[in-house]
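Dear colleague,

I am handing over the structure shown below, together with an account of what was found in it. Please keep it open beside this message as you read.

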Amino acid sequence: LKNIRNVHNGLVARTKILALLEKQGFNASKIAQESALSYGVVMHHLRLLKNEGTVARKGSGRYVWLATGLGQKRLG
């Protein structure tokens with residue numbers, strides 16, 4: 001049972017993140033603030049979403065995260 005991840009919490013977190021990014025881009029701190037998720041959780045899920053092509057980051061330093069066409073398609 002130790003190997004079972006809490007998939008539901010991950011889905012909730014990613015849904016909150018994608019819902020925010022559907023309308024405009026945000027940096028990770030703003031996503032954390034708006035979604036009531038911790039910065040660490042937000043970064044973890046942003047990396048996962050980036051690896052699957054659902055979000056992309058733009059800029060340098062404080063990146064702005066944006067939903068890709070694939071990310072917006074998943075919400076629809």
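**A buried histidine**

His-45 counts as buried, because its relative accessibility is 8%, and the cut-off for that class is under 20%. Please note that this is a predicted model. The residue belongs to helix α3, which covers residues 39-51. Which residues is His-45 in contact with, once neighbours within four places in sequence are left aside? They are Gly-10, Ala-13, Arg-14 and Ile-17. Ala-13 illustrates how the fold brings distant parts of the chain together: it is 32 residues from His-45 in sequence, yet their C-alpha atoms are 7.5 Å apart in space.

**The nonpolar core**

The largest nonpolar core contains 17 residues. Those with the most contacts inside it are Ile-17, Leu-21, Ile-31, Val-42, Leu-46, Val-55 and Trp-65. At least two residues of this core come from each of α1 (7-23), α2 (28-35), α3 and β2. The greatest contribution is that of α1, which gives five residues.

Leu-21 deserves a separate look. Not counting residues up to four places away in sequence, Leu-21 touches Phe-26, Ile-31, Leu-46, Val-55, Trp-65, Leu-66 and Ala-67.

**How two helices cross**

The helices α1 and α2 pack with their axes 10 Å apart, at an angle of about 115 degrees. The two helices are therefore roughly perpendicular to one another. Their crossing is right-handed. Where they meet, α1 presents Lys-16, Ile-17, Leu-20 and Leu-21, while α2 presents Ile-31, Glu-34 and Ser-35. Ile-17, Leu-21 and Ile-31 take part in this meeting of helices, and these residues are also among those with the most contacts inside the core.

**The strand pair**

In which sense do strands β1 and β2 pair? Strand β1 (residues 55-58) and strand β2 (residues 64-67) are antiparallel, and four bridges join them. One of the residues involved is Arg-57, whose bridge partner in β2 is Trp-65. Trp-65 was named above among the core residues with the most contacts, and Leu-21 touches it. Five residues lie between the strands of this hairpin. In the hairpin, Gly-59 adopts a positive phi near 95 degrees.

In following these points, you may wish to begin with His-45 in α3 and then turn to Leu-21 and its contacts.

Yours sincerely

Conventions:
Residues numbered from 1 in each chain as written. Predicted model: local features only at pLDDT ≥ 70, side-chain atom pairs only at ≥ 80, totals over all residues. Heavy atoms only, no water. Buried < 20%, exposed > 50% of the residue type's maximum accessible area, 1.4 Å probe, protein only. Contact = heavy atoms within 4.5 Å. Pairing = 2+ DSSP bridges. Core = buried A, V, L, I, M, F, W, Y, C linked by side-chain atoms within 4.5 Å. Axes fitted to C-alpha atoms, helices over the stretch in contact; angles between N-to-C directions. Parallel < 35°, antiparallel > 145°, perpendicular 65-115°, else oblique. Left-handed = near helix turned anticlockwise from the far one by under 90°.
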